[in-house]
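Hi,

Here is the structure I promised to hand over. Please have a look at it first, and then read on for what turned up when I went through it.

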Amino acid sequence: MPKQSLPGKPWAWRGEFFGAYANVDVALVKKGFHLVYLNAPNLFGNPEAVSQWNDFYDELTTKYGFARKVALIGLSRGGLYCYNWAIANPGKVACIYADAPVCDIKSWPGGKLKGLGKGDGNAAEWSKLLKAYNFKSDADAIAFHGNPIDNLKPLAGAKIPLLHVYGDADKTVPWDENTGLLAERYRALGGSITLIPKPGVVHHPHGLTNPAPIVEFILKHDTGNP
């Protein structure tokens with residue numbers, strides 16, 4: 001909670017890894033934002049996660065008077081949570097800041113492991129993913145079209161501004177299979193996305209040493225304050 005909330009009670013919602021690389025989060029709270037997180041691990045933004053997020057959103061906006069639109073923060077697999085919820089609820093989103101986000105499950109946790117991308121992939125996380133989505137086989141996961149990259153039209157239609165920060169040497173969540181493809185498709189739909197590459201940086205660390213550009217992006221689109 002901020003010491004004093006900005007008018008309208010704006011808030012930022014972290015998709016996953018609460019407290020990790022949190023200089024943006026800290027700066028926003030100091031500016032007057034509330035910061036929230038719902039613990040729903042190992043769901044990879046599946047329909048159950050979206051349903052839980054819906055209930056959490058309703059609780060915060062009705063019982064606690066939070067703003068009707070929220071700024072979403074999606075780091076790594078947190079991108080799946082943020083994007084899938086935003087796609088289901090475009091009218092409730094002010095903006096999305098995504099950092100080296102997973103935008104396609106084929107790229108991660110699939111990757112080289114399943115012959116689906118150039119990233120390394122992760123066998124343990126792939127197994128968790130199959131369970132979370134109730135996929136009966138690898139083929140079901142490969143044929144899935146519920147990834148963020150597949151469903152951007154609702155976000156573009158709602159004119160939701162996006163910001164992606166990424167390392168261009170990321171071998172875990174390769175930027176071109178995720179951020180790059182999403183940006184190409186979003187712009188083709190008329191959407192606005194800002195990209196901040198980090199030359200030579202891998203998956204970690206997330207964020208920027210100076211979080212000002214990210215904080216300014218969120219303030220601009222969520223509160224109208226420069």
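**What turned up**

Pro205 sits in the loop between strand 6 (193–198) and helix 9 (212–222). Its bond to His204 is a cis peptide bond, with omega at about 0°. Before going further, please keep in mind that this is a predicted model.

**Backbone**

There is another cis peptide bond, between Trp108 and Pro109, with omega at about 10°. Pro109 belongs to helix 4. Such spots merit a look because most residues other than glycine have a negative phi, and most peptide bonds are trans.

On the phi side, two asparagines are worth a click. Asn42 is not a glycine, yet its phi is positive, near 65°. You will find Asn42 in the loop between strand 2 (34–37) and helix 2, and it is partly exposed at a relative accessible area of 37%. Asn134 also has a positive phi without being a glycine, about 60° in this case. Asn134 is in the loop between helix 5 and helix 6. Its relative accessibility is 53%, so Asn134 counts as exposed, the cut-off being over 50%.

**Salt bridges**

How many salt bridges are there? The count comes to eight. Side chains of opposite charge can pair when their charged atoms come close.

- Asp104 and Lys106 form a salt bridge in which the closest N and O atoms are 3.1 Å apart. Both of these residues are buried.
- Lys114 and Asp138 meet through their side chains at 2.9 Å, N to O. Lys114 is in the loop between helix 4 (106–110) and helix 5 (123–132) while Asp138 is in helix 6 (residues 138–142), so this salt bridge ties together parts that are 24 residues apart in sequence. Lys114 is partly exposed, with a relative accessible area of 31%, and Asp138 is partly exposed as well, at 28%.
- Asp150 and Arg185 form a salt bridge at 3.7 Å, N to O. This pair links distant parts of the chain, 35 residues apart: Asp150 is in the loop between helix 6 and helix 7 (153–157), and Arg185 is in helix 8 (residues 179–188). Asp150 has a relative accessible area of 28% and is partly exposed; Arg185 is partly exposed too, at 35%.

Apart from these pairs, Arg77, Glu125 and Lys128 are joined into one network by salt bridges that share partners.

**Aromatic rings**

The structure holds 15 aromatic pairs. One of them is Trp53 with Trp85, a tilted pair with 6.0 Å from centre to centre and 50° between the planes. Trp53 is in helix 2 (residues 47–63) and Trp85 in helix 3 (residues 78–88), so the pair links parts of the chain that are 32 residues apart. Are these two tryptophans buried or exposed? Trp53 counts as buried because its relative accessibility is 1%, under the 20% cut-off, and Trp85 is buried at 0%.

Both tryptophans belong to one aromatic cluster, whose members are Trp11, Trp13, Trp53, Phe56, Tyr57, Phe66, Tyr81 and Trp85.

**The largest pocket**

The largest pocket has a volume of about 160 Å³. Its lining is made up of Phe17, Ala20, Tyr21, Leu75, Ser76, Arg77, Trp108, Thr172, Val173, His203, His204 and His206. By class, that lining has six nonpolar, five polar and one charged residues. Some names return here: Arg77 is part of the salt-bridge network, while Trp108 and His204 each take part in a cis peptide bond with a proline.

**Two more residues**

Lys31 is in helix 1 (residues 23–31) and is partly exposed at 47% relative accessibility. Leaving aside neighbours within four places in sequence, Lys31 is in contact with Leu6, Val215 and Leu219. Between the C-alpha atoms of Lys31 and Ala12, which are 19 residues apart along the chain, the separation is 12 Å.

Ala188 is in helix 8 and is exposed, with a relative accessible area of 69%. The C-alpha atom of Ala188 is separated by 22 Å from that of Asp168, 20 residues apart along the chain.

Happy browsing, and best wishes!

Definitions and conventions. Residues numbered from 1 in each chain as written. Predicted model: local features only at pLDDT ≥ 70, side-chain atom pairs only at ≥ 80, totals over all residues. Heavy atoms only, no water. Salt bridge = Lys/Arg side-chain N within 4 Å of Asp/Glu carboxyl O. Buried < 20%, exposed > 50% of the residue type's maximum accessible area, 1.4 Å probe, protein only. Helix = DSSP H or I, 4+ residues; strand = E, 2+ residues; numbered from the N terminus. Phe/Tyr/Trp six-rings, centres within 6.5 Å; stacked < 30°, edge-to-face > 60°. 1 Å grid on protein atoms, 1.4 Å probe; cavity = no way out; pocket = protein on both sides within 12 Å on 5 of 7 lines; lining within 4 Å. Points joined across faces, edges and corners; volume = space filled by probe spheres on them. Nonpolar A, V, L, I, M, F, W, Y, C, P; charged D, E, K, R; others polar. Contact = heavy atoms within 4.5 Å.
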